[in-house]
Amino acid sequence: MIIDLRSDTVTKPTQAMLDAMFQIPQKKGIGDDVYGEDPVVNELQNMAAGMFGMEAGLFCPSGTMTNQIAIKVHTQPGDELICADNAHVFKYEGGGIAFNSAVQAKTIHGDRGRINALQIEEYINADDVHFPSTKLVCLENTANRGGGSIYDLNEIKKIRILCTEKKLSLHLDGARIFNAIIESGYSAKDIGKNFDSISVCLSKGLGAPVGSVLLGTNEFIKKAKRVRKVFGGGMRQAGYLAAAGIFALENNITRLKEDHAKAKRVAEVLKKKTFVKEIMQVETNIVIFKVENASKAQQFADEMKKENILVSKISADECRMVFHLDIADDMVSRLIKILNLMIF
């Protein structure tokens with residue numbers, strides 16, 4: 001039994017999802033999405049947009065692509081965006097901000113990946129030819145490197161007001177936005193009304209094999225569709241993939257609470273281990289903890305691998321575990337048993 005805690009991207013479609021991937025396109029038909037003619041893709045895009053109260057959506061292969069398309073549409077070469085210093089768009093998208101959009105990033109050290117309106121205001125450039133024009137703010141909710149931390153809705157509203165006053169666009173990397181929604185109690189529409197664009201990932205905790213949806217106004221999505229084509233993201237008979245996304249949105253949102261509970265249960269065990277120096281507050285499905293030194297971080301990952309438990313060493317002295325729908329209760333029990341026995 002392999003217990004894969006490296007990421008919630010490793011989830012595999014359930015039999016029910018696989019059945020939906022076959023049955024929904026058979027029932028509704030299939031078409032060429034580049035022409036906008038795949039009815040299942042169109043249904044997924046409309047469903048996701050409706051959930052967040054947005055006008056339109058665009059189905060893309062990945063969350064990296066939806067984020068990068070949004071940045072491209074919101075900015076011009078030579079502009080600047082503001083984000084957290086550990087934001088996914090900055091750290092984990094291959095330098096796409098510079099490569100795709102010729103935009104530079106001004107990064108802020110936040111509270112577990114969350115930045116606030118006061119910080120952002122300080123980092124907005126003056127209207128001066130010596131400085132790049134600040135055009136975009138990017139938030140990530142939940143924040144991956146913040147241990148799955150959740151933005152407070154009131155802070156989001158403050159950032160929205162600031163961006164409106166300063167004529168800045170506001171984009172949300174919502175790779176795990178439903179984890180935040182389920183745990184915080186605010187709604188998808190609460191989120192949608194505060195952002196100009198939102199990237200919603202289907203292939204993490206929601207369990208779809210591939211895909212993300214970019215949300216925005218009709219005008220924004222029209223421009224985004226052109227950028228998707230340039231990026232090579234136009235898919236043809238994509239309804240089979242979109243059907244998995246529909247199934248995920250209809251069936252796999254509320255169960256995210258189970259992942260959160262498992263993460264918190266394991267975190268309580270880790271807190272008692274002497275080799276764990278520090279553990280981030282666990283709010284959702286991600287557990288990040290520091291060990292005594294770098295060699296022990298690697299040693300921990302190696303020892304766990306010998307037990308067929310896969311974890312990520314994400315920095316010199318940090319390890320990460322991510323809980324998802326493929327992690328059953330008996331796996332958590334085995335993980336806890338191994339942790340309780342581990343001494344090094």
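Which residues lie nearest the centre of the second largest pocket? In this predicted model, Asn125, Ala126, Asp127, Ser133 and Thr134 hold that place, among the 13 residues that line the second largest pocket. The volume of this pocket is about 190 Å³. Sorted by class, its lining holds 5 nonpolar, 3 polar and 5 charged residues.

It helps to step back to the chain as a whole before turning to the other spaces. The secondary structure amounts to 14 helices and 13 strands. For a chain of 344 residues, a compact globule would be expected to have a radius of gyration near 20 Å, and the chain agrees with this because its own value is 20 Å. Measured out along the principal axes, the C-alpha trace spans about 55 × 55 × 35 Å.The largest pocket has a volume of about 270 Å³. Its lining is made of 24 residues, and Thr9, Thr64, His88, Ala175 and Lys204 are the ones that lie nearest its centre. Two elements, helix H3 (63-74) and strand E7 (197-201), each supply at least two residues of this lining. Of the elements that contribute, H3 gives the most, with 3 residues. By class, the lining of the largest pocket comprises 7 nonpolar, 10 polar and 7 charged residues.

Closed spaces were considered next. Rolling a probe the size of a water molecule over the atoms shows where empty space is left. For this chain the count is 1 cavity of 30 Å³ or more. The volume of the largest cavity is about 40 Å³. Its lining consists of Ala175, Arg176, Ile177, Phe178, Asn179, Cys201, Lys204, Gly205, Leu206 and Leu256. These residues divide into 6 nonpolar, 2 polar and 2 charged. Ala175 and Lys204 thus appear in the lining of the cavity, and both are also among the residues nearest the centre of the largest pocket.

Which helix provides the largest share of the cavity lining? That share, 3 residues, comes from helix H8 (residues 177-184). The same helix packs against helix H12 (residues 256-270), with axes that come within 9 Å and cross at roughly 80 degrees. Angles from 65 to 115 degrees count as roughly perpendicular, and H8 and H12 are therefore roughly perpendicular to each other. On the H8 side the contact is made by Phe178, Asn179, Ile182 and Glu183, and on the H12 side by Leu256, Lys257, His260 and Lys264. The residues of this contact divide into 3 nonpolar, 2 polar and 3 charged. Phe178, Asn179 and Leu256, which take part in the contact, also belong to the lining of the largest cavity.

Two features of the backbone round off the picture. Most residues other than glycine have a negative phi, and most peptide bonds are trans. Where does the chain have a cis peptide bond? The bond from Asn141 to Thr142 is cis, with omega near 0 degrees. Thr142 is found in the loop between strand E5 (134-140) and helix H7 (153-165). Thr134, where E5 begins, is one of the residues nearest the centre of the second largest pocket. Arg112 has a positive phi, near 50 degrees, although this residue is not glycine. Its place is the loop that links strand E4 (104-108) with helix H6 (117-123).

Note on methods. Residues numbered from 1 in each chain as written. Predicted model: local features only at pLDDT ≥ 70, side-chain atom pairs only at ≥ 80, totals over all residues. Heavy atoms only, no water. 1 Å grid on protein atoms, 1.4 Å probe; cavity = no way out; pocket = protein on both sides within 12 Å on 5 of 7 lines; lining within 4 Å. Points joined across faces, edges and corners; volume = space filled by probe spheres on them. Helix = DSSP H or I, 4+ residues; strand = E, 2+ residues; numbered from the N terminus. Nonpolar A, V, L, I, M, F, W, Y, C, P; charged D, E, K, R; others polar. Axes fitted to C-alpha atoms, helices over the stretch in contact; angles between N-to-C directions. Parallel < 35°, antiparallel > 145°, perpendicular 65-115°, else oblique. Contact = heavy atoms within 4.5 Å. Rg over C-alpha atoms; globule rule 2.2 N^0.38 Å.
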